[in-house]
Amino acid sequence: VEYRLVKADPKAFSKYFATYYKNIWFRPSWAEFAKILSDSDDGYWVLSGDDKAAGVYLNDESIGLVFGIPPYSITSELIREVKNHALQSWSLEEHDLHAYNVLDEQEFAFREADFVQVESRQCMIRPTEQLEASFDVNYIARVPSRKDISELVEVFRKAYANGPDEREVEVYMNDTVHYFDQIDPKLLQASSLIYDRASEEMAGVCLISLWEGLPLVYSIAVTAEHRGKGLAGTMLERALTVLEPQHPLLRLFVTSGNRAEQLYKNK
């Protein structure tokens with residue numbers, strides 16, 4: 001099968017994307033899904049003859065959001081054609097080209113086209129409900145505020161060190177400032193800070209935000225010396241309880257290998 005890529009009309013591409021790309025982010029409606037790319041001109045059709053075989057999003061020297069259009073599926077030959085098009089269009093070496101949001105069922109095709117997996121992320125979902133959220137007696141919990149930013153950044157630095165979500169301190173700072181700039185005070189009530197009662201040291205944090213009309217765990221972290229005491233699980237239970245009267249579910253984006261991945265599966 002021979003393939004070729006042509007630029008797609010943004011409106012048409014967004015409709016096809018919303019229809020055929022798996023809703024791995026649990027977006028609440030087709031309309032919300034379609035809005036994601038409705039104003040972007042980085043969508044391409046992968047054609048087989050005159051047929052649309054797939055759609056792909058090419059920007060920032062990356063391949064993303066690949067979806068097959070029935071009866072076609074995503075094959076290694078198709079991904080190789082997309083890869084070659086991107087390399088030629090951007091005059092890149094192979095090691096400079098990246099792919100993201102690769103679905104589980106597409107991994108084989110990407111590997112066959114010589115892509116190597118370096119990180120895996122997923123969106124997890126949990127219905128809200130009323131739970132008995134009781135913290136260890138050796139800890140104190142309260143709702144965070146903007147004055148806690150410096151301490152929060154230090155917790156993230158310590159908790160994520162040497163793990164898949166480790167970042168520069170400046171990134172933690174910018175992300176935390178952004179959180180308080182946009183958070184609804186009512187939603188902030190579902191967030192938690194945990195302090196060691198004896199040392200008064202901040203031991204953990206769970207920040208809850210709103211994304212596309214539904215709650216999302218913005219960040220959750222517990223420093224190494226305070227793990228194994230159920231703190232992260234209790235912070236999630238508290239969030240699920242506080243959110244339940246107004247929101248049906250809570251979402252979490254997590255890097256595979258992060259402790260929160262197994263934690264959320266167990267809630």
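Confidence in this predicted model bottoms out in helix α9 (residues 259–266), where the mean pLDDT is 50, and peaks in strand β2 (residues 43–48), at 97. Across the chain the mean pLDDT is 89, with 91% of residues at 70 or more. Below is a quick tour of the nonpolar cores, the aromatic pairs and a few buried residues.

**Nonpolar cores**

- The largest nonpolar core has 38 residues, and the members that touch the most other members are Phe156, Val205, Ile208, Val217 and Leu250.
- Helices and strands both feed into this core: α5 (149–160), α6 (169–182), α7 (185–188) and α8 (231–243) each give at least two residues, and so do β8 (192–196), β9 (202–211), β10 (214–222) and β11 (249–255).
- There's also a second, separate core of 22 residues, with Leu5, Ala54, Ala109 and Phe110 among its members.
- Val205 is a good place to start looking around the 38-residue core. Setting aside neighbours within four places in sequence, Val205 contacts Leu152, Val155 and Phe156, then Ser192 and Leu193, then Ser219, Ile220 and Ala221, plus Met235.

**Ser191 and Tyr179**

- Ser191 sits in the loop between α7 and β8. Its relative accessibility is 0%, so Ser191 counts as buried.
- The side chain of Ser191 makes a polar contact of 2.9 Å with the side chain of Tyr179.
- Beyond neighbours within four places in sequence, Ser191 is also in contact with Arg142, Val143 and Pro144, with Cys206, Leu207 and Ile208, and with Arg238.
- Tyr179 is buried too, because its relative accessibility is 0%.

**Aromatic rings and charges over them**

- The model has twelve aromatic pairs. One of them is Tyr179 with Phe180: the ring centres are 5.2 Å apart and the planes sit at 85°, so this pair is edge-to-face.
- Phe180 comes in at 9% relative accessibility, so it counts as buried.
- Elsewhere, ring pairs tie Phe13, Tyr16, Phe17, Tyr20, Tyr21, Trp45 and Phe67 together into a cluster.
- Trp45, from that cluster, has Lys52 over its face, 5.3 Å from the ring centre.
- Phe115 has a lysine over its ring as well: the charged end of Lys83 is 5.7 Å from the ring centre.

**Asp148, a buried acid in a loop**

- Asp148 is found in the loop between β7 (139–142) and α5.
- Is Asp148 buried or exposed? Asp148 is buried, because its relative accessible area is 2% and the cut-off for buried is under 20%.
- Not counting residues up to four places away in sequence, Asp148 touches Arg142, Leu193, Tyr195 and Met202. Arg142 also turns up on the contact list of Ser191, and Leu193 on that of Val205.

**Ala34 in helix α2**

- Ala34 belongs to helix α2 (residues 30–35). At 9% relative accessibility, Ala34 counts as buried.
- Which residues does Ala34 touch, not counting those up to four places away in sequence? They are Ser14 and Ala18.
- Ala34 and Leu187 are 153 residues apart along the chain, and their C-alpha atoms are separated by 26 Å.

Methods: Residues numbered from 1 in each chain as written. Predicted model: local features only at pLDDT ≥ 70, side-chain atom pairs only at ≥ 80, totals over all residues. Heavy atoms only, no water. Core = buried A, V, L, I, M, F, W, Y, C linked by side-chain atoms within 4.5 Å. Buried < 20%, exposed > 50% of the residue type's maximum accessible area, 1.4 Å probe, protein only. Helix = DSSP H or I, 4+ residues; strand = E, 2+ residues; numbered from the N terminus. Contact = heavy atoms within 4.5 Å. Polar contact = N/O pair within 3.5 Å; in protein donor to acceptor, adjacent residues only side chain to side chain. pLDDT = per-residue confidence, 0-100. Phe/Tyr/Trp six-rings, centres within 6.5 Å; stacked < 30°, edge-to-face > 60°. Lys NZ or Arg CZ within 6 Å of the ring centre and 35° of its normal.
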